[in-house]
Amino acid sequence: PTSMPRLTEAMEESRNLYEAALYVRSSILPAHHPEVIATKFSLAELLDSPRGPDVNAGKFDEKRANALREEILEFLQEKDEQSQS
């Protein structure tokens, strides 16, 4: 079984990789590109996950996760409004 410090370390590494991927993709692709949206979604899911099996351990960064979800929703709402016009 994976020990708690190793799990936390792996999750932090995952966060760093997602953040780097989002930075690169956002730099070279339009904000509405599916790869940018997918990366935001994946990062948000990771950030909203618990830090460990203890429910009281808290989440990595729930505020940032919700901000990323809001960005995705705003884009989808704009896209929906444009398609209805």
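This briefing covers the salt bridges of the chain and one nonpolar surface patch. The model is predicted. Six salt bridges are counted. Two of the bridges described below join helix α1 to later parts of the chain: D61 pairs with R15, and R64 pairs with E19. A further set links E45, D48 and R69 in a network.

**Salt bridge D61–R15**

- D61 and R15 form a salt bridge, with their closest N and O atoms 3.2 Å apart.
- D61 sits in the loop between α2 (34-47) and α3 (62-84), while R15 belongs to helix α1, so the bridge ties together parts 46 residues apart in sequence.
- R15 is buried because its relative accessible area is 19%, and buried means under 20%.
- D61 has 21% relative accessibility, so D61 counts as partly exposed.

**Salt bridge R64–E19**

- The side chains of R64 and E19 meet in a salt bridge, at 2.9 Å from N to O.
- R64 lies in helix α3 and E19 in helix α1, so this pair ties together parts that are 45 residues apart in sequence.
- R64 is partly exposed, with a relative accessible area of 25%.
- E19 is also partly exposed, at 23% relative accessibility.

**Salt bridge D48–R69 and its network**

- D48 and R69 meet through their side chains in a salt bridge, at 3.3 Å from N to O.
- This pair links distant parts of the chain: D48 is in the loop between α2 and α3, R69 is in helix α3, and 21 residues separate them.
- R69 has a relative accessible area of 23%, so R69 is partly exposed.
- The pair does not stand alone: E45, D48 and R69 are linked in a network of salt bridges.

**Why such pairs form**

- Side chains of opposite charge can pair when their charged atoms come close.
- In this model, the N to O distance is 2.9 Å for R64 and E19, 3.2 Å for D61 and R15, and 3.3 Å for D48 and R69.

**Nonpolar surface patch**

- Y23, V24 and I28 form a nonpolar patch on the surface.
- Together, these residues have about 370 Å² of accessible area.
- V24 is placed in helix α1, which covers residues 4-28.
- V24 counts as partly exposed because its relative accessibility is 46%, and exposed would require over 50%.
- Helix α1 thus appears in several of these features: it holds V24 of the patch, R15 of one salt bridge and E19 of another.

Conventions
Residues are numbered from 1 along each chain as its sequence is written. This is a predicted model: local features need pLDDT of at least 70, side-chain atom pairs count only at pLDDT 80 or more; totals for chains, interfaces and linings use all residues. Side-chain values use heavy atoms; hydrogens and water are left out. Patches are made of residues with over 30% relative accessible area and no salt bridge: like charges are joined within 9 Å, nonpolar side chains (Val, Leu, Ile, Met, Phe, Trp, Tyr) within 5 Å. Accessible areas come from the Shrake-Rupley method with a 1.4 Å probe; for residues, only the protein chains shown count as cover. A salt bridge is a side-chain nitrogen of Lys or Arg within 4 Å of a carboxyl oxygen of Asp or Glu. Helices (H or I, at least four residues) and strands (E, at least two) are DSSP runs, numbered from the N terminus. Buried means under 20% relative accessible area, exposed over 50%, partly exposed in between (1.4 Å probe, protein chains only).
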